[in-house]
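Visitor: Got a minute to walk me through this one? I'd like the sheet, the core and any odd backbone spots.

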Amino acid sequence: MAGCLVGFFPYWALFSLSLAGVYVFIILKYLRGWKELPSWEIPPDFQPKTAISIIVPARNEAENILPCLRSISNQNYPDHLFEVIVVDDHSTDMTFDLAQSFAQKFPHFKIVRLPDFSKKGKKQAIATGIELAKGELVATTDADCILPKDWLMLLASFYEKKQPRFIAAPVNFHQEKNLLERFQSLDFLGMMCITGAGIQLGWMNMCNGANLAYPKAIFQEVNGFENIDRLASGDDMFLMQKIAKRYPGSIAFLKNKEATVLTKAMPDWPSFISQRIRWASKSTSYSEWQVTLILAAVFFFCLFIVANLALALCWGWEAILLFAILFFIKTWVDYVFLGKMARYFGRPDLMKSYLSSQFLHIIYIVLVGILGNVVKKYQWKGRRVS
């Protein structure tokens, strides 16, 4: 060992193990919250009364827009009680034309395009759709998603019974083709537990814009995206936290795997890193300190795992042993955590990629955690955003 650092190792080890303890506590607490979160089923003989407006912002989604719209058209929900508003955000491909052609078959489908002079971005597209919406309840999804046939029935029954002011619901990946995509699917299963359990425990308000619902009147009451429109991302969590601040205790998670919206994982490393940097870049802007604190705890735990490998050059086998202990702790608790979620969502097959995904997860947390707070401009769907 280098003499100047010999005395520092016990403190480093103690802090590393403390971070491990915090991580285990957080994950086990999330599992408990998920267990306590009540499942939701459509009540027998339920007859929906709620008019729903589905808002689909779209930019350069020619490859995905038609499967998305077909899944919406196949909803088990009365046609007269829902409308679909696709808002094209200055696409440079055939997205608008394909959507418009499809909509001609359905009078309750409407396709609009943001004018050239308007603001650009997903928030503007959603706000434009909501302005045109006639429904009491607004449901949002993305143009690259597939919606389950009972999606609207589940949302409507949950809304009519519980009367929440904001509904978050599950999103998963599907049709994985390689390890990177399977890793993203496992990661997202964990995020769904964190989302639902975080709301149940009152710890944090997180969500995914591919599967949300809220009353139009509430969106208008909080002035929509006003004061949260400075970042390109955050149409989901910033709005959620804004509503939660106005109406504490009014946020709900719809726990039912049949309500899960499906989308595809990023196919390659550049697109994956770009997406996650975009997500991470908004972390310092969350209005809820709990979210930032938990994200920081996870980041530093993973950072210390990686750092112990580097410090083996200085501390030798003691640093390697500490690395092994931290890695084992994370691997064990994550296996329990993700295994439970994989079984719940009917994806136990993903656990075959668990060990290799664990290595990717540690590297990903550290890399994106750093880049997300350094890189403030990035390319997304052919557009330079910040």
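**Backbone, sheet and core**

Guide: This is a predicted model. His90 counts as buried, with a relative accessibility of 14%.

Visitor: Where is His90 found?

Guide: In the loop between E2 and H3. Its phi is near 55 degrees, a positive value in a residue other than glycine.

Visitor: What sign does phi usually have outside glycine?

Guide: Negative, for most residues.

Visitor: And Gln163, where does that lie?

Guide: In the loop between helix H5 (151-162) and E5. Gln163 also has a positive phi, about 55 degrees, and is not a glycine. Gln163 is partly exposed, because its relative accessible area is 47% and the partly exposed range ends at 50%.

Visitor: On to the sheet. What's the strand order?

Guide: E3-E2-E1-E4-E7-E5-E8. The sheet is open, with seven strands and mixed pairing. Its edge strands are E3 (109-113) and E8 (251-253).

Visitor: How do E5 and E7 run?

Guide: Antiparallel, joined by two bridges. Ala168 stands opposite Leu212 in E7.

Visitor: Which strands does H3 lie across?

Guide: Helix H3 (residues 95-103) lies across E1, E2 and E3. The helix runs at about 155 degrees to E3.

Visitor: Now the core. Which residues have the most contacts inside the largest nonpolar one?

Guide: Tyr30 and Ile72, in a core of 139 residues. Helix H1 (residues 9-36) gives the largest share, 12 residues.

Visitor: What is Tyr30 in contact with, leaving aside neighbours within four places in sequence?

Guide: Its contacts include Cys193, Trp203, Met204, Ile294 and Phe337.

Note on methods:
Residues are numbered from 1 along each chain as its sequence is written. This is a predicted model: local features need pLDDT of at least 70, side-chain atom pairs count only at pLDDT 80 or more; totals for chains, interfaces and linings use all residues. Side-chain values use heavy atoms; hydrogens and water are left out. Two strands pair if DSSP finds at least two bridges between them. Helices (H or I, at least four residues) and strands (E, at least two) are DSSP runs, numbered from the N terminus. Contact means heavy atoms within 4.5 Å. Axes are lines fitted to C-alpha atoms, for helices over the stretch in contact, and angles run from 0 to 180 degrees between N-to-C directions. A nonpolar core is a set of buried Ala, Val, Leu, Ile, Met, Phe, Trp, Tyr and Cys residues joined through side-chain atoms within 4.5 Å. Buried means under 20% relative accessible area, exposed over 50%, partly exposed in between (1.4 Å probe, protein chains only).
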